[in-house]
Amino acid sequence: GVPNNGNIGFTGLTAGLYYAIGNPYPSTLSADLFLSGNATDGTLYFWRKTNAAVGTAYATYTALGGAGTSSGIGGITPNGTIQVGQGFIVKPTGTTLNFTNTMRTSNNSNQILKTKNVVEKDRVWLNLTNTTGVFSQALVGYMDGATQGVDAGIDGAYINDSPVALTSAINGEEYTIQGRSLPFDPSDVVPLNFKTDVAGDYTIAIDHSDGLFANGQDVYLVDSSTGAETNLKTDAYTFTANTGTANSRFSLKYQKTLKVDAQTFNENNVTVYKNNGTLYVNSGASIISNIKVFDILGRVIVEQKNVNANTTTIKNWKANQQVLIVKVTSQDNQVVNKKVVN
């Protein structure tokens, strides 16, 4: 057939609905020019789900940048160039969508999407992972034109395509991409959302960063549940989570708290749960010395000595279906008793 050229438009659309369209030209297309030339919510979604993949299915792009779908081989992060034949999803705020020759570019890289470094934007990409292959990426950045509220074309809403996700919060809603105002304020705090349908251990780490975050600015992850405050520029943070949402547990900040009170070893800070025959124990910031599991008659079912860690698991233990008492003793001989149904 004859390659497309000139203006190509779609009419009769319904504002507020998502539409799957694609680059109609035999050349690459600028995502930024497409967004600026159309009335949309300012976010493009690229389907990148592969067979048996775990985690988010859509790579997300706004004027702030792109958030990817997986780490390592096969990881895709939009950089603003839409390749020939590349499809995407967009939500118009009007009744038309248009493509024009002015949106076309000469970037003919054989990679569909790739990471692009934009030095005038200060950005940090956060990855949520676990040992079974779960992956979720969130982008937080500071740029001209952004505010702490919702900014069309800069903030990218989470499309809710996975039950396991790390996102940032704006007005109580989930966003895969969030832009915040300049000049950068080191006292700023960004609330994060987390949810999962599988209990277990997860890790939050920086994938990459640019601007001031690549030039010495620290990034701290605060876990209000354990009291931990981790500089993600030097260390990843691994935590234990129950199923459900924890939208007030994590936040992002850029200054270390001058004084963090020592965490109290009590029932609120000790987590015990059972999953697939394994007992998981997490004491927050306190070090565990000993764990004993009793049945309701007071008999010891299993004991783990010399734990010397704040997290541990107990496997291959047998007990009838009943309520059990888990006695957790800290290094300074404080005791917490938790009930768990076997």
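The following dialogue examines several terms used to describe this predicted model.

User: What should be known about the model before its values are read?

Analyst: The model is predicted, so local features need pLDDT of at least 70 and side-chain atom pairs count only at pLDDT 80 or more, while totals for chains, interfaces and linings use all residues. Residues are numbered from 1 along each chain as its sequence is written, and side-chain values use heavy atoms, with hydrogens and water left out.

User: What makes the contact between Glu174 and Lys195 a salt bridge?

Analyst: A salt bridge requires a side-chain nitrogen of Lys or Arg within 4 Å of a carboxyl oxygen of Asp or Glu. The N to O distance for Glu174 and Lys195 is 3.8 Å, so the pair meets that definition. Glu174 belongs to strand 14 (residues 173-180) and Lys195 to strand 15 (residues 189-196), 21 residues apart. Strands are DSSP runs of E with at least two residues, numbered from the N terminus. The structure holds 6 salt bridges.

User: Why is Lys195 called buried, and why is Glu174 called partly exposed?

Analyst: Buried means under 20% relative accessible area, exposed means over 50%, and partly exposed lies in between, with a 1.4 Å probe and protein chains only. Lys195 has 13% relative accessibility and therefore counts as buried. Glu174 has 24%, so it is partly exposed.

User: What does the salt bridge between Asp223 and Arg249 tie together?

Analyst: Asp223 lies in strand 17 (residues 220-223), and Arg249 lies in the loop between strand 20 and strand 21 (250-253), so the pair ties together parts that are 26 residues apart in sequence. The N to O distance is 2.9 Å. Asp223 counts as buried because its relative accessibility is 0%, and Arg249 counts as buried because its value is 11%.

User: Where is Asp151 found, and is Asp151 buried or exposed?

Analyst: Asp151 is in the loop between strand 11 (135-142) and strand 12 (156-157). Its relative accessible area is 9%, so Asp151 is buried. Asp151 and Arg180 are 29 residues apart in sequence and 9.0 Å apart in space, C-alpha to C-alpha. Arg180 also meets Asp188 in a salt bridge, at 2.7 Å from N to O, and both Asp188 and Arg180 are buried.

User: Why is strand 19 described as largely enclosed?

Analyst: Of the 5 residues of strand 19, 4 are buried, so the strand is largely enclosed by the rest of the structure.

User: How do you know that strand 16 and strand 19 pair?

Analyst: Two strands pair if DSSP finds at least two bridges between them. Strand 16 (residues 200-210) and strand 19 have 5 bridges in the antiparallel sense, so they satisfy this definition. Asp201 stands opposite Thr240 in strand 19.

User: What makes strand 2 and strand 6 edge strands?

Analyst: The open sheet has 5 strands in the order 2-8-4-5-6, with antiparallel pairing. Strand 2 (19-22) and strand 6 (65-67) each pair on one side only. Strand 2 pairs with strand 8 (residues 87-92) over 4 bridges, and Tyr19 stands opposite Val90 in strand 8.

User: Which residues lie nearest the centre of the second largest pocket, and how is its lining divided by class?

Analyst: Ser225, Thr240, Asn242, Arg249 and Thr271 lie nearest the centre, among 19 lining residues. The lining has 4 nonpolar, 14 polar and 1 charged residues. Ala, Val, Leu, Ile, Met, Phe, Trp, Tyr, Cys and Pro count as nonpolar, Asp, Glu, Lys and Arg as charged, and the others, Gly among them, as polar. A pocket is an open set of points, on a 1 Å grid over the protein atoms alone, with protein on both sides within 12 Å along at least five of seven lines, and lining residues have an atom within 4 Å of a point.

Notes:
1 Å grid on protein atoms, 1.4 Å probe; cavity = no way out; pocket = protein on both sides within 12 Å on 5 of 7 lines; lining within 4 Å.
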